[in-house]
Amino acid sequence: MTANPSFRRTPFEILADLGIRDPADIDIEAIAEDCGATIRYRPLSGCAARIMGYKERAIITIDEASPRPRQRFSAGHELGHWMRDRGQVSFQCRSQSFVREWSAENPETRANRFASDLLLPAKMFRAQAQKKPVTLDTVRELGRLFCTSLTATAIRLVEYGDLPAVLVCNSPEKREWFIVNGEVRGKLFLEGRPGSGSVANALLRGELKNAQPAEVRSDAWFDHRNAHSHWIHEDSIPLSDGSVLSLLWWKDETQLVDVDNELEERAAWRSDFRKEE
Ligand SMILES: [Zn+2]
C-alpha cells in the first residue's frame with residue numbers, strides 16, 4: 001500500500017507527523033502552516049471563514065469577531081477543504097455550515113469531520129471523556145480543555161463517549177440533525193419533534209428562557225411502546241441561531257435493557273419459526 005500523498009494527509013496523520021499527543025499542543029496556526037496554509041484574522045461579513053488556494057499555498061481568512069473556539073473550528077474546517085482539493089480551492093463558509101452540516105454527505109460535512117478529527121482527536125478525547133456524566137457541564141469542561149465550541153464538543157461526547165446518549169438539534173421549523181451513540185443505535189428511534197414534557201419543546205415554544213437539566217419521560221423524545229414508563233436525562237440549551245441543542249442521556253439504563261431483552265426475544269422467536277418451517 002502506498003503512503004498517503006502529503007496533501008491528502010488525514011488529521012490523524014498530521015497530528016502523528018507533528019508528534020502532538022496533548023490537547024494543549026493542538027496549535028491550529030502551526031498545523032495549518034505545516035499543511036501549506038496561512039491563517040489570518042480579519043473582519044468578515046456574509047461568511048465566518050473563507051479559503052483561497054493556489055498551487056501549493058492557501059490563505060485561510062477567519063472572522064476576527066468570532067469567539068476563539070469557533071475560530072479554531074472554522075480554521076480546521078477550511079483546512080479540511082484544502083487537504084481534499086489542494087491546487088484549486090475556493091470556499092466561503094457560513095457560520096450555519098458549522099452547526100447544521102452533520103448528517104448529509106457533502107463537502108461541508110466532510111470539512112466538519114476533518115475539523116473534529118483534528119481538534120478533538122478520538123484517542124485524546126476518549127481518554128478525557130471516559131465515565132464522565134453525559135451533561136452539558138461535562139461538554140463545557142471538555143470544551144475548555146480542547147478549546148472547542150459547545151456543539152462540536154457535544155457531538156464528540158456522544159460519538160466517542162462510553163455511555164448511552166443522543167444529541168439532537170431542533171430549529172423552530174424542523175429537526176435539523178441528530179447523532180446517536182453506539183449504545184442506542186438501532187434500539188430506539190427519535191420522534192420527529194420533541195414532545196410536550198421535554199425541555200426542548202418548552203424552549204422552542206418560548207415558554208422557557210433559561211433551561212435547567214431535567215429528568216423527562218422517554219416518550220417525550222422516543223417512539224417505543226414502553227417509553228412512557230422510562231425516564232431520561234435531558235440537558236437542552238438555546239443556540240444563537242434560534243435552534244435548541246439537546247443532550248439526552250440514559251443515566252438509568254433500564255429502558256435500554258428492556259429493549260435489548262425485547263430484541264433478543266424477537267430474534268429467538270424468529271429462529272424457532274424458521275426451524276418449524
Ligand atoms: Zn466549508
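**β5 and β6.** I started with strand β5 (residues 165–170), which pairs with β6 in the antiparallel sense over five bridges. For the terms: strands are DSSP runs of E with at least two residues, helices are runs of H or I with at least four, and both are numbered from the N terminus. Two strands count as paired if DSSP finds at least two bridges between them. Across this pair I found Cys169 standing opposite Trp177 in β6.

**Ground rules.** I'm looking at a predicted model, where local features need pLDDT of at least 70, side-chain atom pairs count only at pLDDT 80 or more, and totals for chains, interfaces and linings use all residues. Residues are numbered from 1 along each chain as its sequence is written, and side-chain values use heavy atoms, with hydrogens and water left out.

**The whole sheet.** Next I traced the strand order: β6-β5-β9-β8-β7, an open sheet of five strands with antiparallel pairing. Its edge strands are β6 (175–180) and β7 (214–217), each pairing on one side only. I also looked up the twist: on average, neighbouring strands are turned by 25 degrees against each other, direction ignored. Axes here are lines fitted to C-alpha atoms (for helices, over the stretch in contact), and angles run from 0 to 180 degrees between N-to-C directions.

**Around β8.** I followed Glu234 in β8 to both sides. Ala214 stands opposite Glu234, and so does Leu248 in β9. Four bridges join β7 to β8, while β8 and β9 pair over six. β8 and β9 form a hairpin with five residues between them, and Gly242 in the turn has a positive phi of about 95 degrees.

**What lies across it?** I checked which helix lies across β8 and β9. Helix α7 (residues 136–146) does, running at about 55 degrees to β8 (231–238), with β9 spanning 244–249. Contact means heavy atoms within 4.5 Å.

**Zooming out.** I counted 10 helices and nine strands in the protein chain. The chain is divided into domain 1 (6–119) and domain 2 (164–277), with bounds from an automatic or database domain assignment. The domain centres, taken over C-alpha atoms, are 33 Å apart.

**Burial and contacts.** I noted that 46% of the 277 residues count as buried, meaning under 20% relative accessible area (1.4 Å probe, protein chains only). Among contacts with a separation of 6 or more, 55% come from residues 24 or more positions apart.

Terms used. Buried means under 20% relative accessible area, exposed over 50%, partly exposed in between (1.4 Å probe, protein chains only).
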